[in-house]
Amino acid sequence: MSAEATAIRLGSTVATRAVQLWLAPKEREQRAGSSMSELIRVRIPGLRVQRSLTRQFEQIADAVAGRMQPLLEHEFRDLTTEGRAAVQQAVISTFAGADLSDEAILGSDADPVELARRIRRSAPVPVGFSDAETRFYDVLLDECCDCYVRVLRGLPVFTERAVGELLARATSFGDELEKVLERLPARSLYAPEGTGEDEAFRREYLSLVSRSMDEIELFGLGPSDRAPRTRLSVAYVSLRASEDDGERRPARARPVLRGGAGQWERHEAERASSMRVEAALKDSCKVLLRGEAGSGKTTLLQWLAVTAARGAFTGALADWNGLIPVVIKLRQYAGAPPPPPEAMLDRQFGQLAGVMPKSWMHRVFREGRALLLVDGVDELLASERRAVREWLRGLLGLYPDTRIVVTSRPAAARVDWLRDEKFTPFHLERMTPSDLTAFVRQWHAAVRGQGDDLPCPEEELSRYERLLLTSLQDRPHLQSLAMNPLLAALLCALHLARRGELPRNRMELYRMALEVLVQQRDADRGVVRSELPVALTLTDKLCLLRDLAWRLSDNGRSEIGTAQAAAHLTAKLAAMRHLEGLDGAAVLDHLLHRSGVLRSPVEGRVDFVHRTFQEYLAAHEAAGEDRIGNLVGRAHLDLWRETVIMAAGHANRTQQEELLGGILDRAKTELRHARPLRLVAASCQETMAAIPEAVAGRLDEAMVRLVPPRRSGEVASLAAVGSPLIRRLPPTLEGLSSATAAATVHTVARIGGDAAFARLERYASDDREDVHRAIIRAWEYFDADAYAEAVLRQLPLDDLAVHLTHPGQWAPLTRLRDVRWVTVDYRFEQALSRVTELPPLHGLWMSDIHGDADLSPLRSWSHLEALLLGSLPAGHDLTVLTSLTRLVHVTLQGNGRLRGLDDLTHLSASLVLLLFGYDLSKWNPRFAQESPLTPWVHARSCVLPEDVSGLPVKLRLLDCRTPDGRPHPLNK
């Protein structure tokens, strides 16, 4: 049912109940179940008056529907269709059957909040709703009560009855007033004006976040002011993250496992090092998320904000539902201090900040409900980043329970940058082939429905999608090119805009993208009119944009004031004699509206749509204006890394010799910056067509000093050098420590390509377990079938955990008959009977089951020692597991109650049972025989009786509740 139809039904229900109270005020009369028109016909004489009253109440119903419809459209949009329909029907049924008589309304003092409480006491939330569905139910019921009371207050007869009731109760006014005052929110330091408007503002704010941030611009398909946009919730693709240099800090806390499955414990520790980014965020309240340019950091924060606003997190982040997102884009605070809580909405949602209840944001932080999303540490000067760290430290000192995600490019924020604040560092990894395939499909799905904004008929999109996927499979260098979401999106857009013509390298990709964005799209669409007296050519526009990009980069900024930008353009136009007389402000306005490169993020400010374009254009300007010495002097600075690398691609041979020679000279004399300087010099090879002979030898020497990587923290920076590094890495792993050997494998995997595949095939002969685990992890970066046959078959798979990150790995896995330990890290949507295709396993980890979860196929695995089933809903019978007598580790994640859970402790007295999210209030574990050992049970976010002393298990509780909703007294 559509949102409009549901809103009409809710409006009609509210209006009908209002008529019932007006014309049949007693509960017994209301329960007669008469419709609105029947009540009016029976109680009101005269056909004309009846018709008039019916029309008036229908108008009331329409007004209520108009208020309900935006809420239905914009909140909880990620619930399933069935879930939304069930909640909506439940609210309609609850409200239609509630006691809304005179006694009930006046007993609640005609207060909608108190009325909603009374209704919930008599009609609790239906059983079986998820957390998100329960919150949706509460929001809709509260809104119905609010609308209902507002309607009643306008009915004259009800007002008269209310006055009479108050007079009849005059003798108890003192007692009643005391009760009313008790219900009023007390004023305090954090609520100087009370909290009466908090809920209304919360809804308004979350609705604004949900609407305004749930769209992204499709790069390459239009000018910045009219570029097609699509829903972020449609286009979002989950990426992977890895722990940054785990050697430098303690491992993340995980449940203590006791038992005989030693391999499973090793597998647990290994699994924590690389995971979907949602899983990475789950167990860490404070995260520093580092990623290269275009890796999806900003898009991820935007998705987190929208999903939190809708309470639509599932799986790993389900516990985040109920948090209130607060987005801080640090680029908006360049040259200014980060904002205190009361000013955090000013720049992003200034239109709403003026009606925010006083101290509301402080209350959100104090109650631990804030999800603070801080974007772009790298977009501030190094001198300004200290203030950000102090700001975060101050916030956490005052509000220690705040969940925070901070993003930065790696060069701007080291792994330990927020170590003292107890932040967990993660690194956003580049997309794997399976991620890229998913991205291409999502991108083409997202652009459907754009109409005239598409460069081809919509019916041809499927063909272009298939052609691009085929090209990516046949041309590995394209896969390497599209290593992050920005480049992948540009590749999709250019493939569509240029009818299948694809670039060969990153520099060509940026060049082609700029041509399409700045000039070609208007030309293809026949847009030739301009308000400028002189038409600007592509060369003219790029010249002006390069100058503006350099001025921004030269000052360490990514934003500039509109007036200042216009002044810079005026100065540049004066040197372009054929454009003499053009006004800088008019040209700036033209570039903002007709190119897809510049935009105005807020009133009075200008920036580039993505910082990568600014860096590319600034690099071109540096080469064109021969500012090589300037680049050499800044090569060690993280803000200049990408600009220096791309300048090497723009430069002529003489400039390349000067640039690389100067950087390597500095590396010899400035020991403090030696490594970053060598890395930058080595990375320049990616963008240069040929290496000048004058510096080739010195460059080779620099790369030799960079490899092999000494630890995991060096992998990302070395992998950024690209394919030229492969031949400098050792041909075998002999003589390397285990940590260095594993880091070498990770580096080769991240670089990717045919040469990397061949190198890993050779590394597979190493006999160390750390190396074997790293080689298994590298599977996701290569063709699943070829890698399994050529590389994985060389490993002793009977004692290693094999990780599956995408469905394409399933078929090759079934042919590896020695496999005994398997992790399925993707959303498994097939029937669980598919596991019979695998050899008998000792351990199986399936973190996200969404198909048929019939457990009976597991009966045949008599050697199964460890089992994890995630997203396992209530109702599944676990008794089938009792035949697996070797089980010592069982982890179950889901909700509700599970049948057969009582019998699991019958398996083994040394069992370790981990339960997440289940109702254990009726749990009665039992044993077949006495044993000196007692099973361990780790319960998280579960419901248990307050008195658990009678349970014959050792309990460890975390975030658990008693049946009446209170925190369990045994929580750790």
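Reader: In the open sheet of three strands, what is the strand order?

Author: In this predicted model, the sheet in question is open and its pairing is antiparallel. Strands β10 (559–561) and β11 (598–599) each pair on one side only, and they are the edge strands. The order is therefore β10-β12-β11.

Reader: Over how many bridges do β10 and strand β12 pair, and which residue stands opposite isoleucine 560?

Author: Strand β12 covers residues 605–608, and its pairing with β10 is antiparallel. The pair is joined over three bridges. Opposite isoleucine 560, in β12, stands valine 606.

Reader: Which helix lies across β10 and β12, and at what angle to β10 does the helix run?

Author: The helix is α25, made up of residues 562–575. Helix α25 lies across both β10 and β12. Relative to β10, helix α25 runs at about 90°.

Reader: How many disulfides does a search of the whole structure find?

Author: A disulfide requires two cysteine sulfur atoms within 2.5 Å. For cysteine 960, the nearest cysteine sulfur belongs to cysteine 942 and is 5.0 Å away, so cysteine 960 is in no disulfide. Across the whole structure, the number of disulfides found is zero.

Reader: Are cysteine 684 and cysteine 960 buried or exposed?

Author: The cut-off for a buried residue is under 20% relative accessible area. Cysteine 684 has a relative accessibility of 0%, and cysteine 960 has one of 1%. Because these values satisfy the cut-off, cysteine 684 and cysteine 960 count as buried.

Reader: What is the distance between the closest N and O atoms of aspartate 416 and arginine 419, and what is the accessibility class of arginine 419?

Author: Aspartate 416 and arginine 419 form a salt bridge, with their closest N and O atoms 3.9 Å apart. Aspartate 416, at a relative accessible area of 18%, is buried. Arginine 419 has a relative accessible area of 48%, so its class is partly exposed.

Reader: How many residues apart in sequence are the parts that arginine 546 and glutamate 621 tie together?

Author: Arginine 546 and glutamate 621 form a salt bridge whose closest N and O atoms are 3.7 Å apart. Arginine 546 lies in helix α24 (residues 538–554) and glutamate 621 in helix α27 (residues 611–624), so this pair ties together two parts of the chain. Arginine 546 and glutamate 621 are both buried. The separation of the parts in sequence is 75 residues.

Reader: Where does arginine 728, the salt-bridge partner of aspartate 700, lie?

Author: The side chains of aspartate 700 and arginine 728 meet in a salt bridge of 2.6 Å, N to O. Aspartate 700 lies in helix α32 (residues 693–706), so the pair ties together parts that are 28 residues apart in sequence. At 24% relative accessibility aspartate 700 is partly exposed, and arginine 728, at 26%, is partly exposed as well. Arginine 728 lies in the loop between α33 (715–719) and α34 (738–751).

Reader: What separation do the C-alpha atoms of aspartate 700 and proline 724 have?

Author: Aspartate 700 is found in helix α32. Along the chain, proline 724 is 24 residues from aspartate 700. The separation of their C-alpha atoms is 9.8 Å.

Reader: How many salt bridges does a search of the whole structure find, and which residues do shared partners join into one network?

Author: The search of the whole structure finds 49 salt bridges. Salt bridges that share partners form one network, joining Arg120, Asp138, Asp142, Glu143, Glu199, Arg202 and Arg203.

Conventions:
Residues numbered from 1 in each chain as written. Predicted model: local features only at pLDDT ≥ 70, side-chain atom pairs only at ≥ 80, totals over all residues. Heavy atoms only, no water. Buried < 20%, exposed > 50% of the residue type's maximum accessible area, 1.4 Å probe, protein only. Salt bridge = Lys/Arg side-chain N within 4 Å of Asp/Glu carboxyl O. Helix = DSSP H or I, 4+ residues; strand = E, 2+ residues; numbered from the N terminus. Pairing = 2+ DSSP bridges. Contact = heavy atoms within 4.5 Å. Axes fitted to C-alpha atoms, helices over the stretch in contact; angles between N-to-C directions.
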